[in-house]
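Here is a short report on the inside of one protein model. Keep the 3D view open while reading.

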Amino acid sequence: MTTNAVWLLGVLLVGHFLGDFTHLSTKRMLVAKEAGRPLTAILAHATVHAALVLLAVAVVTGPPWSLILTAAGIELGTHFAVDAARARLGARLSEWRDPSRRVHWYVFGIDQLLHGLVLLWIVVLVSA
């Protein structure tokens, strides 16, 4: 992995943190991710992540716009799919939402792992 790719991965991970764990996740988004609806709020959350990916890829690596937009599209689609699936299933399985239950942390970890793997995929895509 090149130095530029490592920097990009680091910036993408910081962006992921900002999109999930700061004010960039609004109360409406957080409630939707808990309840499994409305999907428009989960889509808005995924759009925030896609915008952060677009910005990171454009600034750090500066590939052609086709690759920048592809990276943002991958993030939008996968982030929405992962979060919507987790939210919909979590709305039915209350133990997934209970932080005192071990399964909650397994599901949270799998969710974050999937998002991290997508970011790695994006790095490989734009660095090739």
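A pocket, as used here, is an open set of grid points with protein on both sides within 12 Å along at least five of seven lines, and its lining residues have an atom within 4 Å of a point. With that in hand, start with the largest pocket: α6 gives the most to its lining, with 5 residues.

The model is predicted. Its mean pLDDT is 94, and 100% of the residues reach 70 or more. Among the elements, α3 has the highest mean pLDDT (97) and α5 the lowest (82).

**The largest pocket and the largest cavity**

The largest pocket holds about 380 Å³ of space. Its lining counts 16 residues. Nearest the pocket centre lie Lys33, Glu34, Arg86, His104 and Phe108. Five helices, α1, α2 (27–35), α4, α5 and α6, each supply at least two residues of this lining.

There is also enclosed space. The count comes to 1 cavity of 30 Å³ or more. The largest cavity has a volume of about 60 Å³. Around this cavity stand Val11, Leu12, Gly15, His16, His49, Leu52, Val53, Ala56, Glu75 and Leu119. Helices α1 and α3 each supply at least two residues of that lining.

The two linings divide by class as follows.

| Lining | Volume | Nonpolar | Polar | Charged |
|---|---|---|---|---|
| Largest pocket | about 380 Å³ | 6 residues | 3 residues | 7 residues |
| Largest cavity | about 60 Å³ | 6 residues | 3 residues | 1 residue |

**Helix α6**

Now take the helix that gives the most to the pocket lining. Helix α6 runs over residues 102–127, which makes 26 residues. From first C-alpha to last it reaches 37 Å. That is close to the 38 Å expected at 1.5 Å a residue.

Which residues of α6 are buried? They are His104, Val107, Asp111, Gln112, His115, Val118, Leu119, Ile122, Val123 and Val126. These buried residues pack against α1 (3–21), α3 (39–60), α4 (65–92) and α5 (94–97). His104 is buried in α6, and His104 is also one of the residues nearest the pocket centre. Leu119 is buried in α6 too, and Leu119 helps line the largest cavity.

**Contacts that reach α6**

Leu9 is found in helix α1. Leaving aside neighbours within four places in sequence, Leu9 is in contact with Leu119, Leu120 and Val123. Two of these partners, Leu119 and Val123, are among the buried residues of α6. The C-alpha atoms of Leu9 and Gly73 are 17 Å apart, with their positions 64 residues apart along the chain.

Asp83 lies in helix α4. Is Asp83 buried or exposed? Asp83 counts as buried, because its relative accessibility is 3% and the cut-off is under 20%. Beyond four places in sequence, Asp83 is in contact with Lys33, Ile42, His45, Asp111 and His115. Asp111 and His115 belong to the buried set of α6. The C-alpha atoms of Asp83 and His115 are separated by 9.5 Å, and the two residues are 32 apart along the chain. Lys33, another contact of Asp83, is one of the residues nearest the pocket centre.

**Three loop residues**

Ser25 is found in the loop between α1 and α2. Ser25 is buried, with a relative accessible area of 7%. Not counting residues up to four places away in sequence, Ser25 touches Gly19, Asp20, Leu30 and His45. His45 is also a contact of Asp83.

Pro38 has its place in the loop between α2 and α3. A cis peptide bond joins Arg37 and Pro38, with omega at about 0 degrees.

Pro99 is found in the loop between α5 and α6. Why does Pro99 count as partly exposed? Its relative accessibility is 49%, and partly exposed runs between the 20% and 50% cut-offs. Leaving aside neighbours within four places in sequence, Pro99 is in contact with His104 and Trp105. Of these, His104 is among the buried residues of α6.

How values were computed. Residues numbered from 1 in each chain as written. Predicted model: local features only at pLDDT ≥ 70, side-chain atom pairs only at ≥ 80, totals over all residues. Heavy atoms only, no water. Helix = DSSP H or I, 4+ residues; strand = E, 2+ residues; numbered from the N terminus. Expected span 1.5 Å × (residues − 1). Buried < 20%, exposed > 50% of the residue type's maximum accessible area, 1.4 Å probe, protein only. Contact = heavy atoms within 4.5 Å. 1 Å grid on protein atoms, 1.4 Å probe; cavity = no way out; pocket = protein on both sides within 12 Å on 5 of 7 lines; lining within 4 Å. Points joined across faces, edges and corners; volume = space filled by probe spheres on them. Nonpolar A, V, L, I, M, F, W, Y, C, P; charged D, E, K, R; others polar. pLDDT = per-residue confidence, 0-100.
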